[in-house]
Amino acid sequence: MVARERTILVGLILFGQSAEKTKEYLDELEFLAYTAQAEVVARFVQRLPKPDPQTFIGKGKLEEIASFVHDNQIQLAIFDDNLTPSQVREIEKVLRCRVIDRTNLILDIFALRARTAYAKAQVELAQLQYMLPRLTRMWTHLERQRGGIGLRGPGEQEIETDRRRIKERIAKLKEELEFIGRQKQTQRKHRKHLIRVSLVGYTNVGKSTLMNLLSKSNVFVENKLFATLDTTVRKVTFNQLAFLLSDTVGFIRKLPHQLVESFKSTLDEVRDADILLHVVDVSHPSFAEQIHTVQTTLEDIGAIDKPMLMVFNKIDALPELDIEYLNRLCLEYENVYRCRAIYISALKKIHIELLKNSLFEMVKEIHTQRYPGTIPWYS
């Protein structure tokens with residue numbers, strides 16, 4: 001069993017942000033840290049109008065954290081926002097432990113989760129793009145050397161050598177991913193006669209569980225973030241009408257742009273879909289914000305104007321099953337996003353027939369428009 005690193009979390013309550021919202025953000029950060037095999041020992045929060053440009057948090061708070069780090073043998077400090085290379089350098093000088101930001105943590109989880117060669121290449125590309133502007137900080141052994149005369153030049157040369165190698169590797173990975181992307185695009189064209197439905201949603205909302213239920217397959221499911229990285233496509237048949245169902249990587253607040261770029265080919269499955277099944281964990285206290293994050297990401301990748309069925313999942317995890325509330329919720333989001341909305345439990349198999357019927361009607365409508373007269377049995 002892998003030993004978990006003793007870790008602290010650090011966040012800011014910025015101007016116009018509530019303490020409750022910061023707590024929610026740190027709850028998610030702790031779940032991310034747990035997924036990355038860290039043991040969170042403590043949290044530190046400070047209220048500031050804006051991040052300190054040098055140390056992100058105030059110097060007094062930093063000294064307080066440094067004392068805790070020393071007394072409790074903390075190995076890692078994770079900040080909930082992105083840090084500049086200079087901020088990381090200054091914070092590490094004071095804390096004397098490793099410091100990473102939210103982006104670095106998410107990239108690490110993706111590296112941990114990558115199983116196929118394709119996913120590993122995508123993650124490596126994102127990591128190298130993140131690493132490139134931070135190379136100077138990574139050469140920490142140069143800082144420990146004294147009397148820089150005679151050392152400064154070779155050190156800079158080594159950094160430049162590494163920078164060149166990383167750029168070459170990035171170029172090679174982009175070529176590989178572009179080649180695989182073209183192959184996948186060809187595969188999608190060969191499947192063009194089938195309507196394509198893509199499961200989208202925030203990470204850990206139950207997409208893979210729903211995938212297994214609808215396609216009768218055995219996609220990996222785990223109660224951790226980003227359990228699914230590779231696109232899974234299954235052929236599904238309802239009432240003799242076949243379509244393709246795909247499950248891709250979950251979205252998350254502040255998804256690193258390096259990942260969005262390197263996972264472009266994977267996200268093409270969403271872009272090329274005919275119908276989006278937007279799965280929501282209705283039991284999560286911030287499900288409304290999660291919906292907004294997913295919709296914003298869909299807009300960013302050019303997939304917002306597609307027929308969509310919003311599926312409020314995990315109703316079995318609600319404190320009480322309030323049908324009137326769920327009906328109002330569905331109506332509210334139908335009006336906001338101009339789509340149909342239903343509520344289910346994939347785990348307990350509640351309202352699954354309603355989901356299947358709703359999905360069948362959407363697939364049938366597109367199929368009859370695209371291939372009129374080809375499926376007469378339901379007319």
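A nonpolar core is a set of buried Ala, Val, Leu, Ile, Met, Phe, Trp, Tyr and Cys residues joined through side-chain atoms within 4.5 Å. In this predicted model, the largest such core has 79 residues. Those with the most contacts inside this core are L210, F243, L277, L298, M310, F312 and L359. Helix α14, residues 352-370, supplies the largest share of the core, seven residues. One residue of the core, L359, touches V197, L214, F238, F243, I275, L277 and L309, leaving aside residues up to four places away in sequence. Apart from this core lies another, of 21 residues, among them A66, F79, L83 and V88.

Helix α14 also packs against helix α9, which spans residues 207-215. Two packed helices are described by the angle between their axes and the distance between the axes. For α9 and α14 the angle is about 75 degrees, and the axes are 12 Å apart. Angles of 65 to 115 degrees count as roughly perpendicular, and α9 and α14 are therefore roughly perpendicular to each other. On the α9 side the contact is made by L210, L213 and L214, and on the α14 side by I352, L355, K356 and L359. By class, these residues divide into six nonpolar, no polar and one charged.

The next element is a sheet. Four strands form an open sheet in the order β2-β1-β3-β4, with parallel pairing. Its edge strands are β2 (38-47) and β4 (98-101), each of which pairs on one side only. From one strand to the next, the twist averages 25 degrees. Strand β1, residues 5-13, runs parallel to β2 and is joined to β2 by nine bridges. Within this pairing, R6 stands opposite E39 in β2.

Helices pack on this sheet. Helix α3 touches β3 (76-79) and β4, and the direction of α3 makes about 145 degrees with that of β4. Helix α4, residues 102-113, lies across β3 and β4 and runs at about 90 degrees to β4.

Helix α3 has a helical partner as well. The axes of α2 (residues 59-71) and α3 (residues 85-95) come within 9 Å and cross at roughly 50 degrees. That crossing makes α2 oblique to α3. In this contact, L62, E63, I65, A66 and V69 of α2 meet I91, V94 and L95 of α3. The contact has seven nonpolar, no polar and one charged residues.

Key: Residues numbered from 1 in each chain as written. Predicted model: local features only at pLDDT ≥ 70, side-chain atom pairs only at ≥ 80, totals over all residues. Heavy atoms only, no water. Buried < 20%, exposed > 50% of the residue type's maximum accessible area, 1.4 Å probe, protein only. Helix = DSSP H or I, 4+ residues; strand = E, 2+ residues; numbered from the N terminus. Contact = heavy atoms within 4.5 Å. Axes fitted to C-alpha atoms, helices over the stretch in contact; angles between N-to-C directions. Parallel < 35°, antiparallel > 145°, perpendicular 65-115°, else oblique. Nonpolar A, V, L, I, M, F, W, Y, C, P; charged D, E, K, R; others polar. Pairing = 2+ DSSP bridges.
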